[in-house]
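Trainee: Could we go through the pockets of this protein together? I have the model open and would like to take it slowly.
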Amino acid sequence: MERRALGRTGIDVPAVGMGTWLTFDVTSPADVAARRDVVTAALDAGSNLFDSSPMYGAAETVLAGALDRRRDRAVVATKVWSSSAAEGRRQIDRALALYGGRVDVYQVHNLVAARQWLPVLQGLKREGKVRVVGVTHYAHSAFGDLARAMRSGEVEQVQLPYNVEDRAVERELLPLAADLGLGVLVMRPFGEGSLVRRSPPAARLAPLREYGVTTWAQALLKWILSDPRVHCAIPATTRVQHARDTAAAGDPPWFDRETREYVRRLAE
Ligand SMILES: NC(=O)c1ccc[n+]([C@@H]2O[C@H](COP(=O)([O-])OP(=O)(O)OC[C@H]3O[C@@H](n4cnc5c(N)ncnc54)[C@H](OP(=O)(O)O)[C@@H]3O)[C@@H](O)[C@H]2O)c1
C-alpha cells in the first residue's frame with residue numbers, strides 16, 4: 001500500500017483508507033464481530049486510516065472496539081458535529097476516551113459551527129491530543145464556505161467528495177488544497193455504492209490489468225488516486241472481501257491522462 005504525506009501535516013496516510021458511515025452503525029454481536037474482521041482485513045492490507053463521526057450512530061464505538069489493542073496501528077479520523085457547545089464537547093470527550101486519548105485527524109463535520117470548533121480543535125492539537133485539524137462537506141452548495149474555511153489558517157486538511165461522476169472539486173477545491181499544502185481525504189469514492197454496482201463487462205477492464213486493476217471498484221479508486229492532489233480515498237464496506245479488493249488499488253502504477261479518460265467513459 002502506497003503511503004502519502006498528508007499535505008504539510010507531517011503525518012502519512014495510506015492511499016486507501018476506510019469510511020464507516022452506515023456500514024459500522026451496527027449493534028448485534030454478530031455484526032460487531034463481522035466489522036472487527038473487516039478492520040483486521042484492512043489493517044493487514046496496510047489500509048489503516050479509518051474515518052468516522054458522531055453522526056454515524058454506533059460507528060465510532062464499533063470502530064474503537066474493532067481496533068481494540070491495535071489502536072496504535074491506526075490513523076483515526078473522526079468529527080465533531082454539533083452547534084451546541086455542551087453536546088460538541090461531549091462528543092469530543094467521548095471520542096478521546098474511545099481512541100486512547102488521541103484523535104489523529106479531527107474534522108468539523110459539514111462545517112457545523114466551524115468558527116466555534118476550529119479553535120477548540122487547535123487547542124487540543126497544542127495539548128497533543130489531536131494531530132491534524134480539518135473540515136468536511138459533501139454538498140456542492142457549501143463549497144464556497146469550504147474554500148473560506150480552507151483559507152482560514154485554522155485548517156490543515158479537508159475531506160470532500162470526488163469520483164468519476166462528481167468532479168466539481170476539480171474547479172476550485174483541489175487546486176486550492178494543493179496551493180495551501182492541505183491534506184485531502186476523498187469521501188464517497190463509489191458514489192455511495194451506485195457507481196460500483198454498474199460494473200462494465202470484464203473484457204472492458206482487460207486494458208487496465210497492466211495497472212494491477214482486476215475489478216471495477218479498483219478502477220474507480222485508481223481513477224481518484226491518480227490525481228496527485230488526493231492523499232487518501234475512504235470507501236466504506238461491510239465485507240472482508242471488499243476491504244481486500246479496494247486495498248489492492250492503493251499501489252502504483254497510477255493511471256495516465258488517457259487511461260483516466262478511458263475509465264471515465266466506462267462509467268457513462
Ligand atoms: N460529510 C461528510 O463528512 C461525509 C459525507 C459522506 C461520506 N463521508 C465518509 O466517506 C465514506 C465513504 O462514503 P460512502 O460510505 O457514502 O460511500 P462509498 O464508499 O462511495 O460506497 C460505499 C458502498 O460501496 C460498496 N463497496 C465498497 N467496496 C466495494 C467493493 N470492493 N466492491 C463492490 N462494492 C463495494 C459498499 O457495499 P458493501 O458493504 O457490500 O461492500 C457500500 O455500499 C463514508 O463512510 C464516510 O466515512 C463523509
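Trainee: Which residues line the second largest pocket?

Mentor: Keeping in mind that this is a predicted model, the second largest pocket is lined by Leu 111, Ala 114, Arg 115, Leu 118, Asp 145, Arg 148, Ala 149, Ser 152 and Glu 154. By class, that lining divides into four nonpolar, one polar and four charged residues.

Trainee: And which helices supply at least two residues of that lining?

Mentor: Both α4, which covers 114-126, and α5, which covers 143-151, do so, and the space in this second largest pocket comes to about 190 Å³.

Trainee: OK, switching over, what volume does the largest pocket have?

Mentor: Its volume is about 890 Å³, and of the 38 residues that line the largest pocket, Trp 21, Glu 192, Gly 193, Pro 235 and Ala 236 are the closest to its centre. The largest share of this lining, four residues, comes from α9.

Trainee: Where does the ligand sit, then?

Mentor: The ligand takes up the space of the largest pocket, and of the 28 residues around the ligand, the nearest are Asp 51, Asn 110, Thr 237, Thr 238 and His 242.

Trainee: What do Asn 110 and Thr 237 do up close?

Mentor: Asn 110 has a polar side-chain atom 2.7 Å from a nitrogen atom of the ligand, while Thr 237 places a polar side-chain atom 2.5 Å from an oxygen atom of the ligand. Taken alone, the ligand exposes 900 Å², and the protein buries 89% of that.

Conventions: Residues numbered from 1 in each chain as written. Predicted model: local features only at pLDDT ≥ 70, side-chain atom pairs only at ≥ 80, totals over all residues. Heavy atoms only, no water. 1 Å grid on protein atoms, 1.4 Å probe; cavity = no way out; pocket = protein on both sides within 12 Å on 5 of 7 lines; lining within 4 Å. Points joined across faces, edges and corners; volume = space filled by probe spheres on them. Nonpolar A, V, L, I, M, F, W, Y, C, P; charged D, E, K, R; others polar. Near = heavy atom within 4 Å. Polar contact = N/O pair within 3.5 Å; in protein donor to acceptor, adjacent residues only side chain to side chain. Areas by Shrake-Rupley, 256 points an atom, 1.4 Å probe, with all protein chains shown as cover. Sits in = over half its atoms within 2 Å of the grid points.
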